[in-house]
Amino acid sequence: MPTDIAVPYLDISDPAFAMHSEAVRNARSQHWYAKTNYGFAILRYEYVSKLLKDPRLSQGSGKWPDHNGVHSGLFYDWWTKCLLVLEGDDHHRIRRLLNPAFSPRHIEPYLPRFEELAIELIDGVLDKGEFEYVNDFAEPYATRVLCILLGIPETEWPTIARLASTIGLALGVTLKQDLGVVEDALQELYGYAENLIADRQANPGDDLVTKLVQANADGDTLSDSELRNALCLLIFGGMDTTRNQLGLGMMSYLHNLDQWELLAKNPELARAAVEEVMRTNPTTTWVTREAVVDFDYEDLHVDAGTTVHFFTQVSGTDPEAYPNPEIDITAERAPHYGFGGGMHHCLGHFVARADMTIALKVLSQRMTNMRINGADEWLPDSGNTGPVKLPIAFDKR
Amino acid sequence: MQVYVDRAKCDNHGQCTFSAPTIFRLDEQGVLQYEEHADESLRNDVEEAADVCPLQAIFIKD
Ligand code: HEM
Ligand code: HEM
Ligand code: SF4
């Protein structure tokens, strides 16, 4: 093994750190991984594709509350039992029971409703020629899609959005201080989930929650508390991600208006338009894993317990895997990892793919010549990113 | 029942192994291995695997 390979270093907690930067691109051309202040970052497509699914790495967020001084209570119990952090047989069991309800055939009946929603939201601002895209479209769309899916009255979307973002405080390093409000919000969300479950048990329908209530694999079913935890995770894991990804999508096409025109003329390219955004501009810019055992992979030695970040945007624009990495909605592309990979591959990806495809199709058929129209605001370009505010002006098509 | 996985599509996520573990498994290298013949009694499980595969790479013949 050559010892003279220079391994780049990236300080990923530096507030100035950005995925879309010369430093990160240079690191990727220098070597397939970088050292970081947390552990390692995998930069190249080929290696992300292989290692992301490696069983010697586990999801790794399970210890988050403990790392932040929270060792018990409502949030702790929810977090340590939710799908995202479960491993092995516990994860397989829950995932198997949830998976079928999220398959294309069960999502399809909801698509006309998603389309009506997208049309309603954009028609409301079409004559004005300007709007704040996140507030007026991406957030209500992402939240109401989940309400539709779960059968929560759509008029309650602002409450759901507020609860989910309050619980989102738990992702911050101030978890311990915020614990009170986080737990209140989780309790309130539990209330919604418990009502939904009780209602579908009494009045089964043809909807997703009924399918989860009735989910049965070889006699095994989800208990009421497993159902409740899962519904809360769907709300939490499906909303901000979709809102942010829609925001990043708009930004991508603001910079690629020729591709937008191509999409408007060829609505059947909308699905590819979503994939290209997620490849080049994913909201989840890294996926986190933790080594379960010591292991070596080529020249990389990983000790058990080390954090490994998989850089999705960086690997998705790796020139070795994508010789012309710019957005091209007509190109055949290798799959990206914006939905993670392996056992924890996003449960809701068929929903997210379908609802974003509809959104881009509807928007591209109504808007042209979009431009930034005021001050935009952004989450940092690392971790889970996206616009917080994106005022745009456009011409009605 | 005949099972076919399109290798050009399959990305070895292993979601199929939850639905029909006797037909689909990941080997030590993390690569999908599967049985090309499945007993009729496993039809529901194999159909479920095909339904949930993120890449929609699984096909069932007859
Ligand atoms: C564009 C929108 C979305 C993006 C970018 C996204 C991204 C991701 C990623 C990267 C993971 C894997 C995390 C990891 O491997 O560590 C994941 C997992 C997950 N996602 Fe999504 N997601 C989106 C939408 C949704 C939606 C709409 C739902 C629910 C309806 C959802 C539910 C979940 C769940 C439950 C998991 C955990 C799966 C497991 O651990 O087995 N996601 N998502
Ligand atoms: C199911 C959908 C979810 C997806 C797709 C998802 C995705 C991600 C991703 C990609 C990261 C890495 C980014 C980073 O480290 O900053 C992350 C980190 C994190 N997530 Fe989630 N998440 C989901 C649900 C949740 C839920 C329900 C919680 C709990 C409230 C949560 C808490 C955290 C925490 C605490 C971190 C930071 C972990 C660390 O930096 O070590 N996530 N999540
Ligand atoms: S679920 Fe699909 S992509 Fe994943 S291993 Fe099975 S066949 Fe391959």
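**Cysteines, cavities and a pocket in a predicted model**

Q: Is B:C16 buried or exposed?
A: This model is predicted, so its values are computed from predicted atoms. The relative accessibility of B:C16 is 7%. Buried means under 20%. B:C16 therefore counts as buried.

Q: Which ligand has B:C16 among the residues around it?
A: Several residues of chain B form the surroundings, among them B:C10, B:H13, B:C16 and B:C53. B:L32, B:P54 and B:I58 belong to the list too. They are found around ligand 3.

Q: How many residues of the shell around ligand 3 are nonpolar?
A: The shell is split by class. It has 4 polar residues and 1 charged residue. Cysteine, proline, leucine and isoleucine count as nonpolar. The number of nonpolar residues in the shell is 6.

Q: Where does ligand 3 sit?
A: Look at the cavity whose lining has B:C10, B:H13, B:G14, B:C16 and B:C53 nearest its centre. That is the largest cavity. These five residues are also among those around ligand 3. Ligand 3 sits in the largest cavity.

Q: What volume of space lies in the largest cavity?
A: The structure holds 3 cavities of 30 Å³ or more. The largest is lined by 15 residues. By class, they are 10 nonpolar, 4 polar and 1 charged. The space inside is about 120 Å³.

Q: What is the volume of the second largest cavity?
A: Its lining draws on both chains, including A:R95, A:F102, A:H349, B:Q15 and B:V52. By class, that lining has 5 nonpolar, 4 polar and 1 charged residues. The volume is about 60 Å³.

Q: How many disulfides are there over all chains?
A: A disulfide is a covalent bond between the sulfur atoms of two cysteines. Here the two sulfurs must lie within 2.5 Å. By this rule the count is 0.

Q: Which cysteine has the sulfur nearest to that of A:C82?
A: A:C82 is in no disulfide. Its relative accessibility is 1%, so A:C82 counts as buried. The nearest cysteine sulfur is 9.9 Å away. It belongs to A:C232.

Q: What is the volume of the second largest pocket?
A: This pocket is lined by 37 residues, and A:R271, A:E275, A:R353, B:P54 and B:L55 lie nearest its centre. Helices α2, α6, α14 and α16 of chain A each give two or more residues to the lining. By class, the lining has 17 nonpolar, 8 polar and 12 charged residues. The volume is about 940 Å³.

Q: Is A:D218 buried or exposed?
A: A:D218 is in the loop between β6 and β7 of chain A. Its phi is near 50 degrees, a positive value in a residue other than glycine. Most residues other than glycine have a negative phi. With a relative accessible area of 68%, A:D218 is exposed.

Q: What is the relative accessible area of A:N369?
A: A:N369 is found in strand β12 of chain A. Its phi is positive too, near 55 degrees. A:N369 counts as partly exposed, because its relative accessible area is 37%.

Q: How far apart in space are A:A23 and A:Y9, C-alpha to C-alpha?
A: A:A23 lies in helix α1 of chain A. At 48% relative accessibility, A:A23 counts as partly exposed. A:A23 and A:Y9 are 14 residues apart in sequence. In space, C-alpha to C-alpha, they are apart by 9.5 Å.

Key
Residues are numbered from 1 along each chain as its sequence is written. Chains are lettered from A and ligands numbered from 1 in the order in which they are written. This is a predicted model: local features need pLDDT of at least 70, side-chain atom pairs count only at pLDDT 80 or more; totals for chains, interfaces and linings use all residues. Side-chain values use heavy atoms; hydrogens and water are left out. A residue is near a molecule or strand if one of its heavy atoms lies within 4 Å of it. On a 1 Å grid over the protein atoms alone, a cavity is a set of points where a 1.4 Å probe fits but cannot get out, and a pocket is an open set with protein on both sides within 12 Å along at least five of seven lines; lining residues have an atom within 4 Å of a point. A molecule sits in a cavity or pocket if more than half of its atoms lie within 2 Å of its grid points. Buried means under 20% relative accessible area, exposed over 50%, partly exposed in between (1.4 Å probe, protein chains only). Grid points are joined across faces, edges and corners, and a volume is the space filled by probe spheres set on the points. Helices (H or I, at least four residues) and strands (E, at least two) are DSSP runs, numbered from the N terminus.
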